[in-house]
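Reader: I should like to see how the terms applied to this model are justified. Please set each value against its criterion.

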Amino acid sequence: MALVLSLSGCGVVYRLVAKPADAPTPTPATSQATSPPPSAAPTPSATKAGLTIPQARQAVRAWVNKYNATLKKRKWWQKDALLDALFVEAALHEGVLEANHETFGTKPGHKPINLTGTPTIYLVRPEQQPSTADWFIAQATYKDTKGYARPHVLAFYRSAGQSFRLAVATPIHWGQRMPRPRLDADGYITDMDNTVARAVAKEYQNFWNNEKKEGASGYRLAKNSFSRKAFPAVYKGLYASFAGHGSIFGFRTANDGMFFLFGMVNNDKSLNQVLSEALLVPKGSKTIQELGANWFS
């Protein structure tokens, strides 16, 4: 049975906190915004030319065009070259999940993307990009799987000599909005706290796996979190616990809270779902507010 839940984008600062063994290794981040932005890990480069906002916007459009063209190809989810050209990290597993749709005789879960308006781009300071890679965050509006136009946040990554690929994406929940980022003196996004990022991701993993006392990470899901409402229905279905998560994208907000974006996946041998989460921890709070999430299985 195929299940697509809009649990629901936002901006981010990309910092690598934890990742599957096959995930890329980006670099720590702060970002330059035309609005909100991610986070990562290797050695920053102080000399490489910085990615510009127009270049990033063009990269988003190029990726969307490639994605839409790929969806027209017969059984695209069976072709590794097509998947590798589009996805990385948790997003890469969406090809496996689409193959599950075929196995169970359900309709494909991926839909063409038609952007509305101009994407908002968040760029990392050039000297904080990895020496052999680039990444950025984009906030864009397009229809979700049910046909409703809504804001989404996407993190893109590329290795040297390659095109940008999608690492994680999620729509924003109805009624929620992207927090304003705190900018440094040069207009770049201020980086998040990695310790908090790890704890928040761990709490969501504990919650969805239903295996540890809530709050064991030091943080708790808000009482009105959509995940609380979705969990009982999801857990009754074909469900395999999450083994971990990909890179965590995030930034410090204007009021000194923190925003996080990441994707959770199962063990490769029992892959049934990918869950992307967009979360906010207000300043001085131990409560995780869920701004958006996307379940694909």
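**Strand β11 and the nonpolar cores**

Author: In this predicted model, M258, F260, F262, M264 and N266 point one way from β11, F259, L261, G263 and V265 point the other way, and all are buried.

Reader: What makes strand β11 largely enclosed by the rest of the structure?

Author: Buried means under 20% relative accessible area. Nine of the nine residues of β11 (residues 258–266) meet that criterion, so the strand is largely enclosed by the rest of the structure.

Reader: Why are β11 and β12 said to pair?

Author: Pairing requires at least two bridges between two strands. Eight bridges join β11 to β12 (residues 274–281), and these strands run antiparallel, so the criterion is met. One of the bridge partners is L280 in β12, opposite F259.

Reader: How do you know that β9 and β10 pair with β11?

Author: The threshold is again at least two bridges. Strand β9 (residues 242–245) has three bridges with β11 in the antiparallel sense, and F242 is partnered by N266. Strand β10 (residues 248–252) is joined to β11 by four bridges, also antiparallel, with L261 as the partner of F249. Both pairs therefore qualify.

Reader: What makes W63 part of a nonpolar core?

Author: Membership requires a buried residue of a listed type, Trp among them, joined through side-chain atoms within 4.5 Å. W63 is among the residues with the most contacts inside the largest core, which has 28 residues. Helix α1 (53–71) is one of the elements that give two or more residues to this core, and α1 gives the most, with eight. A second, separate core of 27 residues includes A201, F207, A293 and W295.

How values were computed: Residues are numbered from 1 along each chain as its sequence is written. This is a predicted model: local features need pLDDT of at least 70, side-chain atom pairs count only at pLDDT 80 or more; totals for chains, interfaces and linings use all residues. Side-chain values use heavy atoms; hydrogens and water are left out. Buried means under 20% relative accessible area, exposed over 50%, partly exposed in between (1.4 Å probe, protein chains only).
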